[in-house]
Structures are given as structure tokens and as C-alpha cells.
Amino acid sequence: MGVDLRQVVAGILTITMFVMLGQMLHRDYFDAVQVQGDAHDIVFHGSKVSLEEDGLVRTSEGPWMENSHQLKPCWSLSQPDEEVSSKGYVTFSLTNGPEYHISQITDAVMVAKHLGATLVLPDIRGSKPGDEMNFEDIYDVDKLVKSLESVVNVVKKLPSHVSLRDIAIVKVPSRVAEDYIKEHIDPIFKSKGNIRVTTYFPSVNLRKSSLDGETDPVSCLAMFGSLELKPGVSDLVESMIQRLKKSDGRFIAIDLRVEILEKKNCRETGGMGSKTCYNAQEIALFLRKLGFGSDTTIYLTQPRWESSLNILKDIFPKTFTKEAIMPAEKKGKYLELENSEYENVIDFYISSRSDVFVPAIPGLFYANTVGKRIALGKPQVLVPAEISGSSGLSTDYISPYISKKNHLAYSCFC
């Protein structure tokens, strides 16, 4: 009896197909990345990035962490025996974005408190000349006044009888301490009667230091208990957060701004796969190697979409900037004005509330965002690095501010 060659070939192909299927099921492998061409070689603007089966291509939900309990303030302020005194006025402005506002309000309150002066509500100044806003355009005035009522008097405007010529401009270092105020600022205040405080930043890190001594409770109150968004702005931020969570209830916020990356030299720092900043491709690969799936929702602080971000959207299609998720009726006020203070505030507060925060750029935005997240019990802040293998553990990349508990916030919350 002759053997039909076609039946033999069909039998071999059938057996081979079952073997391949069994191997795929054994590896629990499913192609989670939908791209043109070979799923294991994605072409990004002419360069190939290998996606290994047991490394980058995954179907797991990702290394999400549960939030810890929200911390409580552990500072205590003794009630004054008599009404807060007022010997003169301290004025100041909020500049350079919300991450700086926190430090500026803290230093101004510290100065006014230890001088026994009245604090004048600040204005808000943008990066361009003439960009000015009122404090109440963004922040809650009543919240500020009430939170500080046992510490300093706060007035909305400088009284008309006080001449600007009578105000001395005083530069103070961020995290100004009582001893510095007594030695360097008190003599000027006694001489002039009124001062204008401007904060400079010798450093932008907010690590605790043994040299700091015990954290001043006034500083804790000012930094974490005084600034709050006004209801209209707060409602907008909340609506954008809920839209980001609509897909699967969680999202990642990435502080990645193309303009700043272009100005920085993202060089190696000497650490293991560590750089000073990271671009869209590097962030995308970092997140995939940690196990975040292609259906992960991502929010970028980048103001408007740039073509250099396409590489991130190729791997994580649900990647958005403000313009994509802000309600249409709000864009005229919050996006189409030349003043970007609203946009900076939105970025800062969304990053503080996201399930995961990834700082592609170091600086005060990163440091103060971490501080707010510590207070909110949101510890998953992942500092990017180049992962040499095909995968990594997210716990290895938790911000040292949190893993070592060396952020200033740990001095104020318990």
C-alpha cells in the first residue's frame, strides 16, 4: 500500500502546530503590543528595540502598589497666650510654578512668624514680564488665612499708608531657619519696619539632614497645611483625574517636558545605569521592563503633543497630555491663555494624586510632588534608570526620598 506524501506533510504540520501551541501556553505568552510588522522588533524612527518574549512583552496588569494609609500631621503648635502681634509687614510673590510656591509660602510664613509681622497675601507672577495673577485666581484664600490664624496675621493688601519706599528687599535661602532670621533679617526689619522676602534656592533637594535639627512646626504647617486650590481649579483637576482613571481605575503621571529635556544634557551620573534625565523612548522601555502593560493609562506634563512623544504612544496608546483630557468648555480659560500658571498647577496636583509618579526630570517639581504624595499615602514614585536586562523589579526603583524615608515630609507626618 503506497503512502500519500500529502498526508504525511499534513500530519507533520498538525503535530508541529500543536507543539508550538503548547509552548505558547506554557510560557503564558500573549503579544500585548499591537504594531505593524514583527511584534518582537518595533521600529522607532529607524532604530530597532528588541522586545523579548519573557521580558518586555507581557499581559500582566503591571507592578502596581497599593496606597499606604494617609499620614497625619505630627507637628504641634502651642496656642499663643494673646492675639498674634503685628509689628510691621512682610510681602512676597509666588513665582516659577507651584513647586516653588510651596517653598516660597513656607519661607515667608517663617519670617513673618519669627519677626512678629503681618503677612501680606502674595500675588502670582509667571515667567514672562507682565504675567501676573491674584492669589485667589488659583488658591483658596480662606483656607490660607484660617490655617495660619494661630501663627501670623494675614491681610489681602498692603495698607495705603505704607510706602513701597519703606520696604526693604531681603533675600532668604529656602528652608530658612529661626536662627538665620534672628541674625540676618531681624536687624533690617527693625530698621525699616517692613520687608519684601524673595527666596533663593541653594539646593532643590528636600532631604532631611542631621544639620537641620528638629523641624520647625511652623514650617510644617506652612509647607503642608496652608496652600489649597480654590474650588473651581480643584474641581477641574478632579475631573481630569477621574477621566484618566475611567479606563481601569489607575494611571501613571510622568513629568516629561520636551522643552526642558532639550535644554538639559542628559548625561550619565556615574551610577549603575543612572542619568540626569530621560526622554520618551527611555521612559517607555523603563516602564515596559518593569511590567506595565500596553493598556496602561499615562498622563504627561508636556504642555502640547510633540512628535518626539510618538514613541511613547506606540507602546502605551493611552498616553495623554492636558489638551486631550480637559473638558472642552474649560480650555479657553486654562489652556489658551499665554499665562501657563494654570497648566503648571494642573500638572503638579495631578502628579501628586496619580497612582504612580515617574520624574523624567530632576528638580523641585519632583521633590515637592514626592512630599505631597508622602502625606497622601501614595509611595509609588519610580525613578527611571536604564535596566540592562529584559526586566526589572519596580521596588528597586522607588525614590530614595521614600525608600530611605529621608524626605522632609517624614519630619512633619507620622
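Helices here are DSSP runs of at least four residues, numbered from the N terminus. With that in hand, a look at the charged pairs of this predicted model is a handy way in: the structure holds eight salt bridges, and three of them are taken up below.

One of these pairs sits inside a single helix. Helix H4 covers residues 178–192 and carries both Asp186 and Lys190, which are four residues apart, or about one turn of the helix. Their side chains meet in a salt bridge, with an N to O distance of 3.1 Å. The two partners sit in rather unlike surroundings. Asp186 has a relative accessible area of 18%, and because buried means under 20%, Asp186 falls in that class. Lys190, on the other hand, comes out at 65% relative accessibility, so it counts as exposed, the cut-off being over 50%.

Another pair reaches between separate parts of the chain. Here Glu343 and Arg304 are the partners, and their side chains meet in a salt bridge at 3.0 Å, N to O. Glu343 belongs to helix H12 (residues 341–353), whereas Arg304 is found in the loop between strand S12 (298–300) and helix H9 (310–315), so this salt bridge ties together parts that lie 39 residues apart in sequence. As for accessibility, Glu343 is buried, at a relative accessible area of just 7%, while Arg304, at 29%, counts as partly exposed.

Helix H12 turns up again in the next pair. Lys322 forms a salt bridge with Asp347, and the closest N and O atoms are 2.9 Å apart. Since Lys322 lies in helix H10 (residues 322–325) and Asp347 in H12, the pair ties together parts that are 25 residues apart in sequence. Both Lys322 and Asp347 are buried.

H12 also packs against another helix. Its axis and that of helix H13 (residues 364–376) come within 8 Å and cross at roughly 45 degrees, which means that H12 is oblique to H13. The crossing of H12 past H13 is right-handed. On the H12 side, the contact is made by Asp347, Phe348, Tyr349, Ser351, Ser352 and Arg353; on the H13 side, the residues are Phe365, Asn368, Thr369, Lys372, Arg373 and Leu376. Sorted by class, the contact of H12 with H13 has four nonpolar, four polar and four charged residues. Asp347 thus plays two parts in this picture, because the salt-bridge partner of Lys322 is also listed in the contact of H12 with H13.

Key:
Residues are numbered from 1 along each chain as its sequence is written. This is a predicted model: local features need pLDDT of at least 70, side-chain atom pairs count only at pLDDT 80 or more; totals for chains, interfaces and linings use all residues. Side-chain values use heavy atoms; hydrogens and water are left out. A salt bridge is a side-chain nitrogen of Lys or Arg within 4 Å of a carboxyl oxygen of Asp or Glu. Helices (H or I, at least four residues) and strands (E, at least two) are DSSP runs, numbered from the N terminus. Buried means under 20% relative accessible area, exposed over 50%, partly exposed in between (1.4 Å probe, protein chains only). Axes are lines fitted to C-alpha atoms, for helices over the stretch in contact, and angles run from 0 to 180 degrees between N-to-C directions. Angles under 35 degrees count as roughly parallel, over 145 as roughly antiparallel, 65 to 115 as roughly perpendicular and the rest as oblique. A crossing is left-handed if the near helix is turned anticlockwise from the far one by less than a right angle, and right-handed if clockwise. Contact means heavy atoms within 4.5 Å. Ala, Val, Leu, Ile, Met, Phe, Trp, Tyr, Cys and Pro count as nonpolar, Asp, Glu, Lys and Arg as charged, and the others, Gly among them, as polar.
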